[in-house]
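Reader: Please take me closely through the interface in this model, and then through the strands that surround it in the description. I would like one connected account rather than a list.

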Amino acid sequence: MLINRKEVEQIAVLAKLAVSESEIEAVTHSLGSVVEMINHISEVNTDAIKPMANPMDVVQRLRADKVTETSNKPQLLAMAPNADEDYYLVPTVVE
Amino acid sequence: MSKQKYETVIGLEIHTQLKTKSKLFAATDTTYGASPNSQVSFLEAAIPGQLPVFNEKVLRYAIRFGLAVGAKVIAKESRFDRKNYFYPDSPKGYQITQLHHPIVEHGSLTIEDANGNSKLIRINRAHIEEDAGKSIHTKYADYSGIDLNRCGTPLIEIVSEPDMSNAKEAVAYMKEIHSIVTHLGICDGNLQEGSFRCDANVSIRPVGQKELGTRTELKNINSFRFVEKAINLEVKRQIKRVEAGNKVVQETRLYDAEKHETRSMRSKEEANDYRYFPDPDLLPVVIDQAYIDNEKKYIPEFPAKKILRYLNEFDLTEDDAKAIAHDKNLSLFFDETVKLLKKATAKTCANRLLADVSSLAKSHNATVSDKIISAEQFSELLEAQATGIISHKIAKVILEQLWDSQLSVKEIIEKEGLAQVSDSGELEAIIEVLIKTNQNQFQEYKEGNMKMFNFFVGQVMKQTKGRANPAEVKLILEKL
């Protein structure tokens with residue numbers, strides 16, 4: 001296996017995804033096959049190849065510093081599982 | 001005094017909020033203090049299908065910073081990476097930043113160390129990234145409230161090399177960066193509103209040891225004073241640990257100004273796996289040398305250069321030159337006023353600006369830079385005194401009236417009858433009356449009691465409400 005159960009659990013914690021006990025084995029297997037596919041790259045000689053950030057041969061377009069967006073406050077707040085008239089409400093996070 | 005056993009090594013990461021109208025990747029308003037969540041586009045709310053579009057102003061501001069600190073690298077090709085972490089004030093689950101190809105690398109600046117010598121502090125890099133929203137913990141009992149207005153506001157994070165050896169140097173460096181970004185006009189520098197924030201990496205090592213000790217990162221330091229306090233506290237804590245035979249643990253610590261302590265932020269440690277990767281939504285930012293050169297015209301005269309000019313051209317004292325040059329608005333006001341002067345000197349201007357105008361501003365809970373007095377008014381006032389129309393004392397009175405007034409100095413002098421009395425006839429008449437009513441004192445004066453000389457000068461001043469020309473009064477009295 002290219003990826004183990006513990007790693008899957010760790011990734012799930014970082015990604016805030018709930019992976020149930022019954023799913024773990026299947027997820028470990030399918031993630032493992034993704035890693036296997038990607039690993040083929042390490043077999044290829046890439047010495048003369050420039051790292052590529054994007055498959056398209058274009059560069060970033062720039063935007064003028066102007067405000068054109070208007071407030072979406074009511075629509076966005078309405079989409080949240082919990083909100084009052086001003087804030088999104090989430091379980092307490094305090095340092 | 002016992003020889004110091006440990007030396008301190010400090011590096012700073014300064015988050016500078018850029019003064020743009022719109023956000024880094026969306027055309028959303030960035031104005032501070034708006035009602036919660038009223039400045040949030042679908043992008044900042046992480047609604048699927050939104051794409052970031054890079055704000056050119058941010059690129060140009062970052063280049064200007066690079067030019068200002070003499071950066072060896074201003075990247076012709078820079079890129080964006082995703083830093084993945086989960087926190088409610090960042091809905092998309094990652095921050096867009098520049099890990100591998102930052103826009104600015106290898107700059108430097110100089111500060112003054114404890115012995116007054118200049119010391120070079122190297123800047124490792126300055127990269128572009130987005131700010132997060134804010135969590136409100138005090139308003140609700142069982143929840144945290146999230147305000148996404150700040151989410152996506154452009155920042156440059158300025159990372160120093162670990163070149164500072166004590167808290168004072170760290171403060172001097174932070175102040176120098178603050179001065180640079182505010183003089184450039186790329187950041188408003190407002191520490192209270194969080195536009196300029198600092199994290200400090202602090203470690204200690206036995207004197208003479210080459211390798212760096214284990215560092216801790218201090219977060220949440222929002223004033224120059226707190227940087228000094230937090231670092232000194234942390235150094236003490238680390239020494240105490242090491243002396244007790246313990247190791248310093250690499251961790252993030254929160255500075256608590258109220259409790260006067262630093263404490264571990266354990267939550268930060270758990271998630272310390274950011275899984276950086278190139279942001280597939282953004283393309284490489286490619287610019288040419290001409291583009292970089294074009295920004296050079298926006299680099300202003302910096303304080304160090306300005307101080308030299310003030311010393312050489314205007315003969316200001318070093319303290320005055322420094323005080324004016326380090327405050328951008330004050331120096332603009334000074335330069336503007338000096339241009340209008342004819343007889344009055346720049347030296348007097350500096351003097352009055354730092355003494356009279358500053359204390360007046362203070363009494364109004366304002367700063368000179370609020371521009372409640374115009375350079376025209378101020379220069380007129382200095383000229384009026386230089387040409388003998390008014391005394392310094394009256395100048396102060398007029399200054400107070402100029403505050404918040406559209407009147408010219410001339411208008412106030414006329415309206416209030418404040419012009420200096422130099423007319424010897426008028427002054428002689430006043431003195432004659434004084435002699436009559438104070439015959440004993442006059443006798444004593446004639447007998448050579450110089451105290452009485454001052455008594456008569458004082459009385460004339462009192463009668464003319466300070467408007468008498470003292471030189472003229474002296475002449476008349478001496479002739480008697």
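Author: In this predicted model, putting chain B and chain A together buries an area of about 4100 Å², and carbon and sulfur atoms contribute 59% of that area. On the side of chain B, the residues that lose the most area to chain A are A27(B), Y143(B) and L283(B), which together account for 15% of what that side buries. The contact draws on 54 residues from chain B and 37 residues from chain A.

As to the polar side of this interface, the count between chain B and chain A is 24 residue pairs in polar contact, both residues being at pLDDT 80 or more, whereas zero salt bridges are found across the interface of chain B and chain A. The elements of chain B that give two or more residues to the side touching chain A are β2 (54-55), α1 (56-68), β10 (143-147) and β17 (285-286). Of these, β10(B) gives the most, with five residues. Taken by residue class, the side of chain B that touches chain A divides into 30 nonpolar, twelve polar and twelve charged residues.

The strand β10(B) also takes part in a pairing that crosses from one chain to the other, for four bridges join it to strand β2 (residues 88-91) of chain A, and the two strands run antiparallel. Within this pairing, S144(B) in β10(B) is the bridge partner of V90(A). Strands of a sheet pair through backbone hydrogen bonds, either parallel or antiparallel.

Salt bridges, although they number zero across the interface of chain B and chain A, come to 29 over all chains. One of chain A is formed by D86(A) with K73(A), whose closest N and O atoms are 2.7 Å apart. This pair links distant parts of the chain, since D86(A) lies in the loop between α3 (73-79) and β2 of chain A, while K73(A) lies in helix α3 of chain A, 13 residues apart.

Turning to pairings within chain B, strand β12 (residues 196-206) is joined to strand β13 (residues 216-221) by four bridges, and these strands run antiparallel; here V202(B) stands opposite T216(B) in β13(B). The strand β13(B) is also joined by three bridges to strand β14 (residues 252-256) of chain B, and in this case the strands run parallel, with T252(B) in β14(B) as the bridge partner of E217(B). Together with helix α3 (residues 224-243) of chain B, the strands β13(B) and β14(B) make a left-handed β-α-β unit.

Chain B further holds an open sheet of three strands in the order β6-β5-β16, with antiparallel pairing. Its edges are β6 (94-97) and β16 (277-278) of chain B, each with a single partner strand, so one side of each is left without a neighbour in the sheet. Strand β5 (residues 81-84) of chain B pairs with β6(B) in the antiparallel sense over four bridges, and Q95(B) in β6(B) is the bridge partner of K83(B).

Conventions: Residues numbered from 1 in each chain as written. Chains lettered and ligands numbered in written order. Predicted model: local features only at pLDDT ≥ 70, side-chain atom pairs only at ≥ 80, totals over all residues. Heavy atoms only, no water. Contact = heavy atoms within 4.5 Å. Buried area = accessible area lost by both parts, 1.4 Å probe. Salt bridge = Lys/Arg side-chain N within 4 Å of Asp/Glu carboxyl O. Polar contact = N/O pair within 3.5 Å; in protein donor to acceptor, adjacent residues only side chain to side chain. Nonpolar A, V, L, I, M, F, W, Y, C, P; charged D, E, K, R; others polar. Pairing = 2+ DSSP bridges. Right-handed = clockwise from strand over helix to strand, strands pointing away.
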